[in-house]
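Here is a friendly walk through a few helices and the loops that join them. Have the model open beside you as you read.

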Amino acid sequence: MFKILLFFFLFLNNVIFFAPNSYAEECQKDIPQLMQKAEQGDADAQFYLGFAYTKDLEELPQDYKKAFEWTYKAAQQNHIKAQYNLGIMYTKGIGVTKDLSNAYKWFKKAADQGNATAQYHAGFMLYLGQGVSQNYEQAFDLFTKSAEQGKVESQYNLGIMYQNGQGTTQNFQKAIEWYQKATAQNYPSAFLNLGNMYAAGQGVEQDYQKAKELYIQAANLENAQAQFNLGIIYSNGLGVKQNNNTAKEWFKKACDNGEQQSCDEYNKLNK
């Protein structure tokens with residue numbers, strides 16, 4: 001009946017580069033001096049220069065191939081942000097042929113140095129078996145390390161893995177705990193999945209009123225599946241007084257956000 005979101009946050013089209021903390025300052029410095037330091041083997045300078053080449057500065061025209069070359073040099077010296085950026089470049093084919101195996105390799109190197117975002121990406125690839133053999137247990141381990149550092153996507157993914165018993169023993173209470181941590185950071189899909197657990201009575205007593213409250217929080221963050229679920233709640237009178245007008249409002253919102261089944265439900269109520 002309800003739309004249940006039990007998939008992982010997709011990252012391949014959403015990865016972004018780590019920028020140097022003082023990037024604005026670095027770019028105001030003498031580019032030839034930065035190049036000289038990079039050529040002398042300074043890992044920070046190599047990282048700065050690699051990142052600068054992804055931009056299109058007046059003093060340094062955009063050149064993805066050179067961006068890759070300098071980022072690679074820094075990464076070989078265990079520069080954690082360069083290792084992460086190299087993972088991105090292999091993931092998206094920026095300055096190098098797309099290669100998910102190498103992407104995983106460099107994300108994992110940065111992950112092993114404790115970077116939460118790299119741990120998330122390496123874990124995601126392990127979960128899906130992208131560029132590496134699928135391994136739920138190793139994915140779970142990396143998500144845990146990342147989530148404990150506050151990475152919201154990893155907190156959400158741990159909720160899914162505990163809910164489904166993937167890479168760990170199924171534990172609805174733990175799933176709820178991690179979803180709650182993600183909702184504390186206003187992660188829309190965590191509100192949705194937590195609402196689904198209350199609607200289904202997983203790890204808690206079935207409570208449509210609580211589910212509705214969580215769906216509303218997700219819906220207000222433009223989560224189309226939550227908007228659809230609210231339409232279902234009101235059209236069926238689940239924990240609320242049945243109200244087709246309110247149901248239509250939520251189905252319309254979800255439809256406008258691309259939820260086709262909501263469009264169908266909206267049209268049924270309009271007949």
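A residue is called exposed when its relative accessible area is over 50%, and buried when that area is under 20%. Please keep in mind that this is a predicted model.

**A loop residue on the outside**

Glu148 has a relative accessible area of 60%, so it counts as exposed. You will find Glu148 in the loop that links α8 (136-147) to α9 (152-164). Trp178 is 30 residues away from Glu148 in sequence, and the C-alpha atoms of the two are 10.0 Å apart in space.

**The helix before that loop**

Now step back to α8, which has 12 residues. From its first C-alpha to its last, α8 reaches 16 Å, close to the 16 Å expected at 1.5 Å a residue. Its N-terminal end is capped by Asn135, with a side-chain oxygen 3.1 Å from the backbone nitrogen of Glu137.

Which residues of α8 are buried? They are Ala139, Phe140, Leu142, Phe143, Thr144, Ser146 and Ala147. The cover over these buried residues includes α6 (100-112), α7 (116-128), α9 and α10.

**Asparagines in other loops**

Two asparagines have a positive phi although neither is a glycine. The table puts them side by side.

| Residue | Phi | Loop |
|---|---|---|
| Asn78 | about 65 degrees | between α4 (64-76) and α5 (80-92) |
| Asn186 | about 60 degrees | between α10 (172-183) and α11 (188-200) |

As for its surroundings, Asn78 has a relative accessibility of 52% and therefore counts as exposed.

Asn223 also sits in a loop, the one between α12 (208-219) and α13 (224-236). Is Asn223 buried or exposed? With a relative accessibility of 7%, Asn223 counts as buried, because that value is under the 20% limit.

The side chain of Asn223 has polar atoms close to two backbone nitrogens: that of Gln225 lies 3.2 Å from one such atom, and that of Ala226 lies 2.9 Å from one. Beyond its neighbours within four places in sequence, Asn223 is in contact with Pro188, Ser189, Leu192 and Ala218.

**Looking back**

To recap the loops, Glu148 and Asn78 are exposed, whereas Asn223 is buried. Polar side-chain atoms feature twice in this tour: Asn135 caps the N-terminal end of α8, and the side chain of Asn223 has a polar atom 2.9 Å from the backbone nitrogen of Ala226.

Notes: Residues numbered from 1 in each chain as written. Predicted model: local features only at pLDDT ≥ 70, side-chain atom pairs only at ≥ 80, totals over all residues. Heavy atoms only, no water. Helix = DSSP H or I, 4+ residues; strand = E, 2+ residues; numbered from the N terminus. Buried < 20%, exposed > 50% of the residue type's maximum accessible area, 1.4 Å probe, protein only. Expected span 1.5 Å × (residues − 1). Contact = heavy atoms within 4.5 Å. Polar contact = N/O pair within 3.5 Å; in protein donor to acceptor, adjacent residues only side chain to side chain.
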